[in-house]
Amino acid sequence: TSFDREEDRTFRPETSWNYELGAKHPFLDNRLNAEFCFFWIDWKNQQIYQMLATQNGQFLRNAGRSESKGVEVSLRTEVRSTLMVQVNYGFTHATFKDYKDERRGIDYSGNFLPMVPRHTFAVGADYTIPNCRHIDRFTVSANYTGTGRILWKEDNKVSQPYYGLLNAKVSATKDFITFAIWAKNMTGADYSAFYFETGGKGLAQKGRPFTIGGNIQLSF
């Protein structure tokens, strides 16, 4: 962090009250498990990075008050003893309740918090074959994760639209050794993983492209 005024050298501590109300319930003779969670976060003096007036760096300052509230839902089911499917969805409404930039005369109150997607979604499945010939366990996994629109700055002018990533993994376990081959972003989704501005220019970090690899895990 940097500063161009002596009063910007320091900032107040950030505090928050976090409230959560959730429930779990099994259905269909425990073959389907559902989880629900409602949350509310009340921030005071949230610490936010902001550009210097010279546009040559960032410094930490405090937003007066911020609020984040939402719901998360998770469903998990055993289609059969060897097949597990899970679905998750989250909705978050995170806004500045009181945040003013006196130096620039800008009021961000009511804007959405940066880097907090309003919607997240994930669905995945694991198919396991136990005692497959000379292998103790053979597993095929696949999952899709979706991330809603991400606003990068307090002014909410620059954003990353919704994108989804498809991943998969095949693993085989024998005794204490597990061999795995995995692939990530199999559809080659084009997205930005991060964005920031410096020197009056906007810079973005590109998300990882299609990637494939493998690993060996030892369990003693």
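Start with the sheet: in this predicted model, nine strands form an open sheet in the order 1-2-3-4-7-8-11-12-15, paired antiparallel. Now pick out strand 1 (15-27) and strand 15 (211-218): these are the edges, and each has a single partner strand, so one side of each has no neighbour in the sheet. Look along the sheet and you'll see the twist, which averages 15 degrees from one strand to the next.

Next, select residues 32-51 and 58-80. That's strand 2 and strand 3, running antiparallel and joined by 19 bridges. Zoom in on D42, which sits opposite E67 in strand 3.

Stay there and show side chains for D42, R65, E67 and K69: a network of salt bridges links them. One of the contacts to check is E67 with R65, at 3.9 Å from N to O. E67 is buried, at 10% relative accessible area, while R65 is partly exposed at 26%.

The structure has eight salt bridges, so here are two other stops. Go to K100 and D98, whose closest N and O atoms are 3.1 Å apart. K100 is partly exposed at 41%, and D98 is partly exposed at 35%.

Then jump to K174 and D136, a salt bridge with its closest N and O atoms 3.9 Å apart. K174 is in strand 11 (residues 163-174) and D136 in strand 8 (residues 135-147), so this pair ties together parts 38 residues apart in sequence.

Last stop: turn on the surface and select L75, V87, Y89, F121 and Y162. Together they make a nonpolar patch with about 410 Å² of accessible area. F121, from strand 7 (residues 119-132), is partly exposed at 32% relative accessible area.

Note on methods:
Residues are numbered from 1 along each chain as its sequence is written. This is a predicted model: local features need pLDDT of at least 70, side-chain atom pairs count only at pLDDT 80 or more; totals for chains, interfaces and linings use all residues. Side-chain values use heavy atoms; hydrogens and water are left out. Two strands pair if DSSP finds at least two bridges between them. Helices (H or I, at least four residues) and strands (E, at least two) are DSSP runs, numbered from the N terminus. Axes are lines fitted to C-alpha atoms, for helices over the stretch in contact, and angles run from 0 to 180 degrees between N-to-C directions. Patches are made of residues with over 30% relative accessible area and no salt bridge: like charges are joined within 9 Å, nonpolar side chains (Val, Leu, Ile, Met, Phe, Trp, Tyr) within 5 Å. Accessible areas come from the Shrake-Rupley method with a 1.4 Å probe; for residues, only the protein chains shown count as cover. A salt bridge is a side-chain nitrogen of Lys or Arg within 4 Å of a carboxyl oxygen of Asp or Glu. Buried means under 20% relative accessible area, exposed over 50%, partly exposed in between (1.4 Å probe, protein chains only).
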